[in-house]
Structure formats: C-alpha cells, structure tokens
Amino acid sequence: MSTPTVLSVTGLSKSFRTVKAVRDVSFTIPKGKTFGLVGESGSGKSTTARLVLRLVEPSSGTIRFRGRDLAGLSVRDLRAERRHMQMIFQDPFGSLNPRMSVRDTLVEPQLVHGIGTPAEQLRTAERLLGEVSMPRAALDRYPHEFSGGQRQRIAIARALATNPEMIVADEPVSALDVSVQAQVLNLMRDLQDRHGTTMLFISHDLRVVQFMCDEIGVMYLGEIVEQGPRDRIYGAPAHPYTQALLASAPGKGSGQRARLKGEIPSAHAVPSGCAFRTRCPHAFERCTTDKPAMREIGGGQKAACHLLDGAVAA
Amino acid sequence: MTAHPTPLPADRAAPVSQARTVLEVENLSLSLRNADGLLPIVTDVSFSIRQGEAVALVGESGCGKSITASAIMGIAPENAVIDGTITLNGKVISGLSAHERRRLCGRHMGFIFQEPMTALHPTLSIGRQMTDTLRHNLGLGHAEATNRAAELLDRVGIPRARDILKGYVHELSGGMRQRVMIALAISCGPSLIIADEPTTALDVTIQAQVLDLLEDMRRELNLAMLFITHDLEVVGDFCEKAVVMYAGDVVERGRSADIVGAPTHPYARGLIDAVPAHDDGRTRLTPILGTVPPVGQWPEGCRFAPRCLRADSKCQTRPALERHGQTDARCWHPLEGN
C-alpha cells in the first residue's frame, strides 16, 4: 500500500462487431513499476494498450489513471490528461513524422500541452536528446537520416517531452536488431529509474518482458489467463498456456521444445468454457462447459484454470 | 519413421554415414554495380554443407546473409557481380546462365522464405502452384501431380489436404502458409533446402511447431539445410554448424554448440550477451556499442574494430579467417574459449 497506484484497469472489454478482442481485463500498476502484457498475435495485448490510452473506446470496464476515470472524461479533459500518458510504438519508421525535424518532433508535444516558453521548450528538446544519448546536432535532422535504433531513441525522447507519469510501450524493440535492442532496453530502464516513470510494456518476446517488467499478465485470445510477479511467472508458471509459451521459446534445445498443437482460434468464435481448451494438453470435460475463474495461487500470482481447483483446495 | 510415399531419386538412397558434401561455397564475393562503380556487399565467404546437416548463416540486418543465400539460389539482383565458386552435388553452378541453372538444380534445391504471403502466388490456387512445380520438374501428369501434392500437404501436417489444394494462400494462417512453403520446397526431392528466416514472422508456439517440422523433414529425407537467421538461440537448437557474418564478412565459423557456448570472435560474444537470457536476473544488458556500418562505409582492416573493445592498431589490417581453439574466427584478438 506504500506506493500509490497510477493505473487501475477493471473489467476492460472491447468488441468490434462480433469480434471479442479484449475480454474482462483487469490489472493495476503501482507508481514507478512496469507491468508487462505478453502474448501471441491476436491475444489482444495491443488493443488493451490502445484502450488504456483511449485511442480505442472500450465497450465496457473502467480505466482509472491517477485517480480519475478516463472513460468519463470529455475530449478536452482527456487531451489534457494525455500529457501524463505517452506512448512508444513498434515501428520507429511509421511513428515519427518524416517531415518534422527532430527539433520540431521534440518541441511539438510541449507546444500542444502548453508547457514552457519557446526558449524553454528548445532547452528541453536539447536535454532530452542528451538523455537518450543522441548528439545535439541531431536537432536539425529528419527521421530518414537515422537508423532504426536512433529513431526509437528519438521516439523515446518525444515520449518524455511532457514529463509523463506513465509510458505505454507497444513492442518498442521488436523491429530492432539484437545488439541495438539491448541499447534501447538499457536506455528505457535507465530513464525509468531516473524519472520514476510507470510503464505498461507490451511484447511477444518473453526474454524482453522478463528483463523489463516487475509484474506480468499473460494474454490469450483477449483475456489475461495468468498474472503475477515476474519471478513467479517465469519460475513457477501455473497456467498450461504460460507453461507452453515458456517451453516453446528457442534456446532450450530442440528436444525440450513444447509441442502446443494447433493455432490461436479466431476471436470471431471464441471456444466455450476455457478459451485455451482447444490447444491445451490437459483439457478435460469441464473445460468445455465452465469458464475457469481467476484464482489466487499465492505470492500475488493468479491464474484461470480448472486444474488449479485441486491445488487451492489442498 | 514413415516411408516416402513415392520413389526417391536415386542419389537419395545413400546411407547417412557416407554424408557427402551437398553444397560447397568457396570464396564467394558479391558486389553490386551502381553508378559510382562496384559496391562490395559480401566478401570471401566459404562454407560447406553435408547431407543431413543443417548450417546456420547468422547475423544482424545488413550483414549480407540473405544476399549470400540469393547468390546460391541464383536469384541475386541483376546488377550483382559474383566471384568465387558454388558447387552443388559436385557440379559447379556459379557462372551458369539462368536457364542452365534451372535445368541443373531446379529440383535439387528447395526454398523457404520468411514471408510465405509474398513468396507464394496470391491468385493461383495452392494446388496449381504445387502441381505446376511437380509437372515441370518431375514430368508428372496432372492426376499424378495432384495426388503427390495432396500427399505432401498431408505430410507437413496440413489437415484436409484435398480441400486446401483448391484454396488460396490468403485463406491460411501464417503457420499453415509456412507449411505449404515447406511442402513445395521438398516436393521435387531436393538435396538442399535454403530457409531464409523461416520462423521469424511466426508466434513462438507456431515457431516451435514449424522448427519441429523442418527438423523432421531434414532427418527423414536426409536433407542438407542452409538456415538463415538472426536468432542465435534458434541456431543452437537446430543447426550443427554456424557461420556468423558481420558487415559482409564471415567472422566466425564452426560447430554451433562451440559458437553459442564459447565464441572466439568478440562480435559473436556480443550478439550472445546482448540478448536478455531467460533466468540470469540482470538489470542491465551488454549491448554492442554503436551500429553496423552501412554498406560502402566499411572500415579498412577488421570491419568490427570500431565497435570492438579489444581493438588496437593491429586491427587496421584485415585479419584472416583462422582456427582459434574450437572454431575459425577472423580476429587478431580472439577470446579464449573454455
């Protein structure tokens, strides 16, 4: 209870016509911590990020950010609140305006939110470049003149320009080569330490999530199926999907590779009962009929699986 | 192990123990001709692959791994100037015209690309693409080719093969598309499969399925495989040998287990250290400083030197690819293996 909660998401759902993209997602992020959403394509992790930012309107559920319900805010208030909530996207080529110099890119968010005088805005831009280890000379250059890693540094500097309380990062290093990926991940952690920024971090890469996040939610077909502190999720995964995901990752020797059958079903036709049952090696009758509820396992870890019933009772 | 549904080409019947060399690449260099002259892209690449063996070509984007593969496949860009010798099953195939090459090695090489959506034809049915290949390369009749195509799809784990033959690529998921690519690649009984980042675009659980399938096919059909990837962890799981490239150079070459476990080239070490490992609890990663120099701006001497913590004046001269410990490395100051 010592650290205040910055973001609290409760029962968040989003349907696009018949597609249930996100179903009943709940989590909280304490100040200065990183919450990771991990899952395969189609799991709803990016949609969740967009819902949190209210780039997409939720079908139901609440998003409390800094104690205010974002869903209730007018467009004007929401815009003001966005100053405290910035984002970093996967594709540093698509997310920077190609016709804006780095100077304009870094000044614009301050201008939009009415932060500082023009001279101060420029000083902030220069300071931000320094923070992301880019030379001052970069100010007058344009995105196409930089490599992918440098562009992502600029995107990070831009996200920091309004001194936000929280950053939502959606696959921020997935497009980068491993050596550059390491630079950007180190940078993000350093900046977080320095500014105490809260972070929602989305990635399909289990290694990256383990490195970056304090708490992790594992998503499958629009739902969080398991959630808990990093060391519990990686050390003692409770949900069969989390177990399969961890075992499928390369680097474990081919003999050890888990063979999860089939593919993620379409969000048009979510299986009855437990959504994972069609691929689950342990599925039994009840999984077809009853939807498993999220259960506390201990140590802040919880998972939604009928197999855990016995464990809880024991 | 199941029997092959149709007779194998004669050269396939040899037992594994004889393990002849299928592909030999010797001193392959490739430059692109542009308005300013010749732009070197790949320098002096040599390696070989035996029957039943998987060799990884590893490196970051821009290191020259894919264009090396394209030179072997005979689909290098038109303005490419290629030096060196490529030998397939004892026949020199470098320097042949496109027509001769197709005649000589069309059925002996199978390709698998990263993005099957662009590698497969969008408006031809899957069956048509497969039977065209079978009829052209093996001279099968229509009915025979259709049967064979259905068998192949069945074999790569595609359910309802007959229905899928009538369908199109866009109707399939990424994992299924990649299975179709694999079926096509093995359809004419090749001795060599070239797979360029075959699982990079796939989710991790599907990646594991496709890697398993590739491995099964390799063992069952005793295929030589060139596996192009940026992911060293996949290399360790899947390939016996690895060739690590940096800025158009082979910087390290040897058994995968040795390279992943105890690399001698500082770049290979850097690639391994840069990846967050599953359980080491580090709070900082060890990145490689700087960025890969763009093509045309490679330094003289060792191309990795400007980013290397071990570099000194000696590195101004180009090192040779030499044996250091368990592997071959192009380095004046190789790391001690364990």
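A residue counts as buried if 20 or more other C-beta atoms lie within 10 Å of its own, as exposed if 12 or fewer do, and as partly exposed in between. Keep that cut-off at hand for the first stop. The model is predicted.

**Stop 1: two backbone outliers**

Select A:Arg66. The residue sits in the loop between β4 (60-65) and β5 (68-69) of chain A. Its phi is positive, about 50 degrees, although A:Arg66 is not a glycine. Is A:Arg66 buried, exposed or partly exposed? It has 17 C-beta neighbours inside 10 Å, so A:Arg66 counts as partly exposed.

Now select B:Asp44. This residue is not a glycine either, and has a positive phi of about 55 degrees. B:Asp44 is placed in strand β2 (residues 37-50) of chain B. With 17 other C-beta atoms within 10 Å, B:Asp44 is partly exposed.

**Stop 2: the sheet of chain A**

Colour the strands of the open sheet in chain A. There are 8 of them, in the order β6-β7-β8-β3-β9-β10-β12-β11, and the pairing is mixed. Which strands stand at the edges? They are β6 (85-88) and β11 (294-298) of chain A; each has a single partner strand, so one side of each is left without a neighbour in the sheet. On average, neighbouring strands of this sheet are turned by 20 degrees against each other, direction ignored.

**Stop 3: β7 and its partners**

Select residues 166-170 of chain A, which form strand β7. How many of its residues are buried? The count is 5 of 5, and the strand is mostly covered. Cover is found on both faces: A:Met166, A:Val168 and A:Asp170 are buried on one side, A:Ile167 and A:Ala169 on the other.

Step to β6(A), which runs parallel to β7(A) and is joined to it by 4 bridges. Here A:Met87 stands opposite A:Val168 of β7(A).

Then go to the other partner, strand β8 (residues 198-203) of chain A. β7(A) and β8(A) also run parallel, with 5 bridges between them. The bridge partner of A:Met166 in β8(A) is A:Thr198. Add helix α6 (residues 178-195) of chain A to the selection: together with β7(A) and β8(A) it makes a right-handed β-α-β unit.

**Stop 4: β9, β10 and the helix across them**

Select residues 215-220 and 223-229 of chain A, which are strands β9 and β10. These two run antiparallel and are joined by 6 bridges. Label A:Met219, whose bridge partner in β10(A) is A:Ile224. Next show helix α9 (residues 240-248) of chain A, which lies across both strands and runs at about 100 degrees to β9(A).

**Stop 5: where chain B meets chain A**

Show both chains. In this contact, 34 residues of chain B meet 32 residues of chain A. On the chain B side, the elements that give two or more residues are α8 (204-221), α9 (232-238) and α11 (266-274). α8(B) provides the largest share, 9 residues. By class, the side of chain B that touches chain A has 13 nonpolar, 12 polar and 9 charged residues.

**Stop 6: the two domains of chain B**

Hide chain A and colour chain B by domain: domain 1 covers 19-239 and domain 2 covers 265-330. Their centres, taken over C-alpha atoms, are separated by 29 Å. Contact involves 6 residues of domain 1 and 5 residues of domain 2 of chain B. The domain 1 side of this contact divides into 4 nonpolar, 1 polar and 1 charged.

How values were computed: Residues are numbered from 1 along each chain as its sequence is written. Chains are lettered from A and ligands numbered from 1 in the order in which they are written. This is a predicted model: local features need pLDDT of at least 70, side-chain atom pairs count only at pLDDT 80 or more; totals for chains, interfaces and linings use all residues. Two strands pair if DSSP finds at least two bridges between them. Axes are lines fitted to C-alpha atoms, for helices over the stretch in contact, and angles run from 0 to 180 degrees between N-to-C directions. Two residues are in contact if their C-beta atoms, placed from the backbone, lie within 7 Å. Ala, Val, Leu, Ile, Met, Phe, Trp, Tyr, Cys and Pro count as nonpolar, Asp, Glu, Lys and Arg as charged, and the others, Gly among them, as polar. Domain bounds come from an automatic or database domain assignment. A crossover is right-handed if, with the strands pointing away from the viewer, the path from the first strand over the helix to the second runs clockwise.
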